[in-house]
Amino acid sequence: MDGVKAFNKEDVEYLSAFSAFIGITLKNVNLFERDKRTHETLRLLLRVSVMTATAPDYASTVLLFEKEIPDVIGCEACCIFVKSPDNILRVCKEDREFKEVSPNPKGIAFQVSQNAIRQYTTKPLDVFSKEASYDPTCDNVAGVPNPQTALIMQLRLDERIVGVLQVTNKRVKPYEARYTDTASTASDPIGPFTPADEALLQEVAVVASVTLAERYRRESVSTDGKGSLRLPSSMLLPMKNESYTSLEYLRTPKAPQTPS
């Protein structure tokens, strides 16, 4: 063809070297993303461990998680639903009292709590508040105006679903700030939650399940099931007098560790 030349040996060598360079770069990006998720999880664990040590009660620990998780995930709001054996979901309000969320099979958070769906993530082109199963009385307890994206997953313990963790409105940082330690802000655009967000929230859910279970256990022992817990008697299944300290405990079912 006129004006078109065939690739020569030098072109092939150059393209081969460039392809190898791209492959190494992409591998390093994936490793960086994985290390960043690990760092964020450990950072949350450290912050929560320090702060829950001084939290006055179980309810304050729930509120603490709801305050800290949006900063780690980079979203607008977080809500923790605590599930009782009678399938009632309750949320902790600012006055540290637990308010019942009306059971509604339409609600997506309620469906996740019943194992109807194990996890929910808004698809990239969908709007959370326009989902057919969306119910504002259950799915927007945090009161976010017209929530656009959401990520909802179970809190599990002893193979039981003891609650639901929901984050809403992912804030997408500008490209130039994506790999920095700067936190997302309210001015950042809202976007979909990514597989990386799902992996990170799964780790956070493990931390939350273990921490809340241990807090509940210690407070139940210290108050004989009464006093500062402020929970209805049917709030949670009875906790065994065990210490849940291993993150691997919830990832792979196994017998709880007996404290020495």
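Which residues form one aromatic cluster? Tyr120, Phe128 and Tyr134 do. The legends below describe this and other parts of a predicted model.

**View 1. The largest nonpolar core has 31 residues.** Ile69, Ile80, Leu165, Val167 and Leu201 are the members that touch the most other members. At least two residues each come from α2 (58–73), β1 (75–83), β5 (150–157), β6 (160–171) and α5 (195–223). Helix α5 gives the largest share of the core, with nine residues. A second core, separate from this one, has 16 residues, among them Ala109, Phe110, Ala150 and Ile152. In soluble globular proteins, nonpolar side chains tend to be buried together.

**View 2. Strands β1 and β2 form a hairpin.** The two strands run antiparallel and are joined by three bridges. Phe81 has Val91 of β2 as its bridge partner. Five residues lie between the strands, and in the turn Asn87 has a positive phi of about 65°.

**View 3. Strand β2 (residues 89–92) is covered on both faces.** In a regular strand the side chains alternate between the two faces of the sheet. Here Leu89 and Val91 lie on one side, Arg90 and Cys92 lie on the other, and all four are buried.

**View 4. Strand β2 also pairs with strand β3 (residues 98–101).** This pairing is antiparallel and has four bridges. Cys92 has Phe98 of β3 as its bridge partner. The hairpin of β2 and β3 has five residues between the strands, and Arg96 takes a positive phi near 70° in this hairpin.

**View 5. Asp197 of helix α5 is shown with its surroundings.** Is Asp197 buried or exposed? Its relative accessibility is 7%, under the 20% cut-off, so Asp197 counts as buried. The side chain of Asp197 makes a polar contact of 3.1 Å with the side chain of Lys170. When neighbours within four places in sequence are left aside, the contacts of Asp197 are Ile73, Leu151, Lys170 and Pro192.

**View 6. Tyr14 and Phe18 form one of the four aromatic pairs found in the whole structure.** A pair of aromatic rings is described by the distance of the centres and the angle of the planes. For Tyr14 and Phe18 the centres are 6.3 Å apart and the planes differ by 5°, and the pair is stacked. Both residues lie in helix α1 (residues 9–52), four residues apart, which is about one turn of the helix. Tyr14 is exposed, with a relative accessible area of 60%, whereas Phe18 counts as partly exposed at 39% relative accessibility.

**View 7. The rings of Tyr58 and Phe98 form a tilted pair.** Their centres are 6.0 Å apart and their planes meet at 35°, so the pair counts as tilted. Because Tyr58 lies in helix α2 and Phe98 in strand β3, the pair ties together parts that are 40 residues apart in sequence. Tyr58 is buried, at 3% relative accessibility. Phe98 is buried as well, with a relative accessible area of 12%. Phe98 is also the bridge partner of Cys92.

**View 8. One aromatic cluster is made up of Tyr120, Phe128 and Tyr134.**

Technical notes. Residues numbered from 1 in each chain as written. Predicted model: local features only at pLDDT ≥ 70, side-chain atom pairs only at ≥ 80, totals over all residues. Heavy atoms only, no water. Core = buried A, V, L, I, M, F, W, Y, C linked by side-chain atoms within 4.5 Å. Buried < 20%, exposed > 50% of the residue type's maximum accessible area, 1.4 Å probe, protein only. Pairing = 2+ DSSP bridges. Polar contact = N/O pair within 3.5 Å; in protein donor to acceptor, adjacent residues only side chain to side chain. Contact = heavy atoms within 4.5 Å. Phe/Tyr/Trp six-rings, centres within 6.5 Å; stacked < 30°, edge-to-face > 60°.
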